[in-house]
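Please open the model in a viewer and keep the selection panel at hand. The tour below proceeds by successive selections.

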Amino acid sequence: MMRRGLPVPYSNEDLKVAELAEALALACGTGTATASLIGEAAALHDVGKFRVSSHILNKPGKLSPCEHKAIKTHTIWGANMLIGFPGAVGIMARDIALYHHEKFDGTGYWGKRTNELPFYVHIATICDVYVALISSRPYKRGWASNEALDYIKTQAGKHFSPVLAHMFIKLMREQNGGGYFGPTWPEVRGGGL
Ligand SMILES: [Fe+2]
């Protein structure tokens, strides 16, 4: 993945999303140049979180309606911050920032069905959810990879396009020789996005 000088401190999670998005794009049949652009754009999906209070981002337990509204705005902040980011990667990055919390069935942040959105948004979304599930947060521990993949399977046709969910699970299992990917914490249950 190339970086184009945006003053953004990528987190390890951002870089993991980028790496997976590039791999999934390749598995979907894009060329290497396009896959690289998708990875680069996907790394910026949560750039708008810099405008949301860390108190809200890391709050354990249920968010109030007002706090939930504040979290949702990270998509708009992100797209606004990326105005002026040039070229195809700029267009992709703005789309991904704005729409990465949309769902296949239209029950996401802004109620768009993902079949109305470019395929690279679908790719970034599924990779973001997977990385969020396997990552530890102040309010939860990370899921084991197999649990995250099982969850993604249950969300085929709901959160994700069934075709893409199938491709993602296949890719992850192939990448790991038919096994599972990432750390495992057998005691961990629960968590969220
Ligand atoms: Fe997000």
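The stops that follow go from the whole chain to one helix, its two packing partners and a single residue.

**The whole chain**

Begin with everything displayed as a cartoon, bearing in mind that this is a predicted model. The protein has eight helices and zero strands, and the order of elements from the N terminus is α-α-α-α-α-α-α-α. Colouring by burial would mark 34% of the 193 residues as buried. Among contacts with a separation of 6 or more, 61% join residues 24 or more positions apart.

**Helix H1 against helix H6**

Two packed helices are described by the angle between their axes and the distance between the axes. Select residues 12-27, which form H1, together with residues 119-134, which form H6. Their axes lie 9 Å apart, and the packing angle is about 135 degrees. Angles from 65 to 115 degrees count as roughly perpendicular and those over 145 as roughly antiparallel, so H1 and H6 are oblique to each other. The crossing of H1 past H6 is right-handed.

Next, show side chains at this contact. On the H1 side, select Glu13, Lys16, Val17, Leu20, Ala21, Leu24 and Ala25. On the H6 side, they meet Tyr120, Ile123, Ala124, Cys127, Asp128, Tyr130 and Val131. Sorted by class, this contact between H1 and H6 comprises eleven nonpolar residues, three charged residues and no polar ones.

**Helix H1 against helix H8**

Keep H1 visible and replace H6 with H8, residues 162-175. Here the axes of H1 and H8 come within 10 Å and cross at roughly 110 degrees. H1 and H8 are therefore roughly perpendicular to each other.

Which residues of H1 meet H8? Select Ala23, Leu24 and Ala27 in H1, and then Met167, Phe168 and Leu171 in H8 as their counterparts. By class, the contact of H1 with H8 has six nonpolar residues, with no polar and no charged ones. Leu24 of H1 appears in the contact with H6 and also in the contact with H8.

**Lysine 16**

For the last stop, centre the view on lysine 16, which belongs to helix H1 and is one of the residues that meet H6. Is lysine 16 buried or exposed? Lysine 16 counts as buried because it has 20 C-beta neighbours inside 10 Å. Finally, add alanine 43 to the selection and draw a distance between the two C-alpha atoms: lysine 16 and alanine 43 are 27 residues apart along the chain, and these atoms are separated by 8.1 Å.

How values were computed
Residues numbered from 1 in each chain as written. Predicted model: local features only at pLDDT ≥ 70, side-chain atom pairs only at ≥ 80, totals over all residues. Axes fitted to C-alpha atoms, helices over the stretch in contact; angles between N-to-C directions. Helix = DSSP H or I, 4+ residues; strand = E, 2+ residues; numbered from the N terminus. Parallel < 35°, antiparallel > 145°, perpendicular 65-115°, else oblique. Left-handed = near helix turned anticlockwise from the far one by under 90°. Contact = placed C-beta atoms within 7 Å. Nonpolar A, V, L, I, M, F, W, Y, C, P; charged D, E, K, R; others polar. Buried ≥ 20, exposed ≤ 12 C-beta atoms within 10 Å, placed from the backbone.
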